[in-house]
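Got your viewer open? Load the model, keep the selection box handy, and let's walk through it stop by stop.

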Amino acid sequence: MSPMFSDFSIVNHGIDRRGFIKSVGATGALLFTANWTWAQDKPAKKYGGEGMPGGTKSDPKLFVAINYDGTIDITVTRSEMGQGIRSSLALVVAEEMEADWNRCRVVQAVGDEAKYGNQNTDGSRSMRHWYAPMRQCGATVRAIIEAAAAAGWGVPIREVRASKHSVIHALSRRKADFAELVGVVASFESPDPISIRYKSPRTYRYIGKEHTHSADAASMVSGTAIYGGDTRSAGMVYAVVARPPVLGSTVEAFDGSEALKVKGVLKVMPIEGAAVPSGFKPIGGIAVVAENTWAAIKGREALKVDWSSSPHDSYESEAYRQSLEEASRKPGKLVRLVGDVEAAFSKAKKTHAATYYLPHIAHAPMEPPVSTALLRNNFLEIWAPTQAPQAARTEAAERAGMPLEKTRINVTLLGGGFGRKSKADFINEAVEIAKAFPGRAARVQWTREDDIRHDYFHTVSGEHLEASLDRRGKVSGWLHRSVAPTIASLFDPDPKHQQAFETNMGHSNIPFAIPNVRIENPEVAAHTRIGWFRSVSNIPHGFAVQSFIAELAEEAGRDPLRFYLDLLGDDREINPDELKDGWNHGEDPKKYPVDTGRLKNVLNVATKEAGWGKRLPKGRGMGFAVHYSFVSYVAAVLEVEVEKDGNLIVHKATMAIDCGPRINPDRIRSQMEGSCVMGIGLATTGEISFENGRAKQSNFHDYQVPRISLAPKSISVHLVDPEKKVELGGVGEPGVPPIAPALCNAIYAATGKRIRRLPIGDQLA
């Protein structure tokens with residue numbers, strides 16, 4: 001924190017930032033000052049963490065501070081939104097340091113890409129990009145501590161070893177706690193990276209172990225955790241914003257006189273909006289600033305605003321759905337071609353076609369967007385629950401006209417994110433208010449209604465598939481047209497086609513052993529803001545493909561499991577580079593091929609554990625789906641019951657994931673469990689629809705998240721060991737895509753009713 005803002009506090013249940021800093025100061029801290037560089041060969045094309053803006057860092061002085069009482073502060077650059085990444089990354093450092101996890105504390109880094117490297121918490125890549133740097137960082141610190149102890153005892157360094165927060169010299173039976181070495185370790189230089197000795201996995205105490213406690217769980221459960229909405233300061237002002245109801249609409253005129261009559265309202269002011277495509281910038285509107293949030297909301301209700309017309313005024317979901325489905329049945333942009341699909345169809349014994357539809361969905365995190373900004377003494381400071389603090393810092397500095405070095409962004413815990421909080425629009429709104437109230441902290445609060453109506457919605461999609469079956473019941477030809485407005489519409493004036501990073505999410509990169517494949521992408525325009533949503537385009541593509549295969553199995557008269565395994569063909573590794581636009585979640589295709597053997601393995605494990613093939617009571621059914629995404633492999637089997645009145649009961653969910661090496665198994669399981677419940681909610685009730693260009697839904701009464709009654713009665717998650725040495729995969733997002741198709745396949749098995757349009761809603765009644 002800048003000293004000039006030392007009187008600013010973030011308060012939550014009696015614990016404030018100033019008190020926290022004071023408690024740290026009581027013990028004192030010694031930051032590592034040793035020089036450190038990490039050199040490596042520069043590849044022709046960068047992948048993984050090095051392919052991201054800012055790359056990665058492994059400098060221990062950035063991430064580790066040993067306090068004089070022996071406690072250790074480990075700085076984490078990724079944002080915590082319930083996925084447990086703060087604990088998991090810090091555990092890696094503690095493991096290699098031989099530190100006692102109970103004497104470690106996680107410190108959240110401010111947004112500073114130049115200092116810390118890439119800080120985007122998205123793409124299910126936090127662990128796979130930062131595992132190696134954090135491990136190297138911890139091992140380096142351990143080497144320094146051991147060197148300091150050896151020098152102090154006058155013994156060869158090879159005779160000492162760190163263990164459980166101490167260094168031991170067995171020959172002389174001497175032992176020193178880390179606290180005893182704090183004063184001398186800073187005088188030791190970092191060792192040559194090549195000489196660093198890593199722990200053997202056999203000696204791990206935290207990595208790969210079950211039930212390692214979370215650094216944040218206690219504060220979350222006790223209510224002392226600090227989220228964006230916990231920001232408070234004396235003299236603080238609070239604002240809500242009336243935003244354009246339709247994308248592209250602007251303020252033509254406004255009258256704030258009645259709003260100013262509301263007790264507590266201080267100011268009514270315009271917020272400058274960016275023209276479409278607006279990217280992550282605010283869409284503009286009128287802000288009502290008050291002494292408290294309630295007064296600001298009441299003032300906004302009294303506000304009169306005339307909005308301009310918009311090219312998107314006629315956006316209407318039902319008509320748009322029909323246009324998507326019509327477009328999906330016509331030829332479009334060729335994305336991938338193998339063999340001759342038309343010839344295969346003409347020779348087929350049987351052909352089958354189906355069209356699927358998925359609506360817009362909203363992120364709907366439990367904590368809506370909120371941000372606080374303070375502009376004082378030529379310095380801008382921000383507190384926000386953001387997934388991309390470095391980008392938010394850059395945009396805030398530009399908005400305020402401040403140099404980057406005089407702009408600081410503090411990252412609070414996120415009450416959910418799912419991709420929504422990677423965008424800095426709500427942070428820039430706070431900056432705009434802070435400019436009007438210099439010297440006073442300014443907080444912008446989005447209500448639940450604001451969030452749902454003005455989200456960066458997940459794309460709406462029409463998916464059309466056709467396939468041919470030969471005389472042996474094998475798939476001889478495959479045609480898949482996917483039509484969906486692209487995320488690129490946020491940045492380009494009028495893109496009509498999905499980008500490679502979208503089509504290669506279960507559309508063009510299908511790994512099936514089919515001799516004739518044609519993948520197309522007909523054009524379509526966007527009429528609202530389209531954004532990244534947890535699992536992104538894997539959701540519509542996975543739903544359509546996995547549902548269609550189950551339909552094909554029935555057409556072939558075969559058991560779906562055997563049919564699917566045959567469709568995958570022989571075990572093989574597919575190089576994504578061999579596919580057109582072979583985007584592979586940003587990873588090196590040589591290290592991360594699409595492995596059909598791993599897909600089979602998770603499918604076999606999940607179906608076996610679920611009891612695939614067992615007899616079920618009437619009205620019950622079982623369905624499965626398996627999907628590759630974020631370089632991990634996940635299978636899901638759902639067992640459901642549909643009662644006579646259409647009431648859906650999910651009796652059991654069985655999931656299997658192969659994400660390569662497992663760092664924090666408990667967090668992997670929790671991510672799968674959360675994905676399962678979220679996926680069921682999206683499939684059954686998730687829909688944002690539009691009328692006259694406006695989102696019709698506004699809160700949890702009409703945009704429902706899953707209730708307890710819809711959650712599976714039991715969820716079992718099986719962590720599958722790869723049968724070969726592989727790289728780390730993603731965990732946060734891969735669990736969602738298989739859920740909707742597994743659910744709908746189970747419903748079909750139970751009722752004979754095929755669901756091709758989501759959400760399921762009242763289709764079972």
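Start with the whole chain before selecting anything. Buried residues make up 61% of its 765 residues. Keep in mind that this is a predicted model.

Switch to a cartoon view and you'll have 20 helices and 31 strands to look at. Turn the chain around: along its principal axes, the C-alpha trace spans about 80 × 75 × 50 Å. A compact globule with 765 residues would have a radius of gyration near 27 Å, and the chain agrees with that at 27 Å. Take contacts between residues at least 6 apart in sequence: 78% of them join residues at least 24 apart.

Now try a surface view. About 30000 Å² is accessible, and carbon and sulfur atoms account for 50% of that. Colour by charge next: there are 94 positive and 88 negative side chains, and the centres of the two sets lie 3 Å apart.

**First stop: valine 107**

Select valine 107, which sits in strand β6, residues 104-108. Is valine 107 buried, exposed or partly exposed? Its relative accessibility is 26%, so it counts as partly exposed. Beyond its neighbours within four places in sequence, valine 107 touches Asp73, Ile74, Thr75 and Val76. For a sense of distance, add isoleucine 286: the two are 179 residues apart in sequence, and their C-alpha atoms are 37 Å apart in space.

**Next: the cysteines**

How many disulfides does the chain have? The count comes to 0. Pick cysteine 137 to see an example: the nearest cysteine sulfur, in cysteine 104, is 12 Å away. Cysteine 137 is buried, with a relative accessible area of 0%.

Then jump to cysteine 744. Why is there no bond to cysteine 676, which holds the closest cysteine sulfur? The two sulfurs are 13 Å apart, too far for a bond. Cysteine 744 also counts as buried, at 0% relative accessibility.

**Then: some backbone oddities**

Most residues other than glycine have a negative phi, and most peptide bonds are trans. Here are some places to look for the exceptions.

Select valine 276 and proline 277 together: the peptide bond from one to the other is cis, with omega near 5°. Proline 277 is in the loop between β12 (265-271) and β13 (285-290). Another cis bond joins leucine 758 and proline 759, where omega is about 0°. Look for proline 759 in the segment after α20 (739-751).

For positive phi, go to serine 535, with a value of about 85° although it is not a glycine. Serine 535 lies in the loop between β23 (517-521) and α16 (538-556), and at 0% relative accessibility it counts as buried. Phenylalanine 630 has a positive phi too, of about 50°. Find phenylalanine 630 in the loop between β26 (620-629) and β27; at 3% relative accessibility, it counts as buried.

**Last stop: glycine 646**

Follow β27 (632-642) onward, and in the loop between it and β28 (648-658) you'll find glycine 646. With 16% relative accessibility, glycine 646 counts as buried. Which residues does glycine 646 contact, leaving aside its neighbours within four places in sequence? Show Leu764 and Ala765, and you have them. Finish by drawing a distance to glycine 761: the C-alpha atoms of the two glycines are separated by 9.9 Å, though the residues are 115 apart along the chain.

Conventions: Residues are numbered from 1 along each chain as its sequence is written. This is a predicted model: local features need pLDDT of at least 70, side-chain atom pairs count only at pLDDT 80 or more; totals for chains, interfaces and linings use all residues. Side-chain values use heavy atoms; hydrogens and water are left out. Helices (H or I, at least four residues) and strands (E, at least two) are DSSP runs, numbered from the N terminus. The radius of gyration is taken over C-alpha atoms; the globule rule is 2.2 Å times the number of residues to the power 0.38. Buried means under 20% relative accessible area, exposed over 50%, partly exposed in between (1.4 Å probe, protein chains only). Contact means heavy atoms within 4.5 Å. Accessible areas come from the Shrake-Rupley method with a 1.4 Å probe; for residues, only the protein chains shown count as cover. Lys and Arg count as positive and Asp and Glu as negative; His and the chain ends are not counted. The place of a charge is taken as NZ of Lys, CZ of Arg, CG of Asp or CD of Glu. A disulfide is a pair of cysteine sulfur atoms within 2.5 Å.
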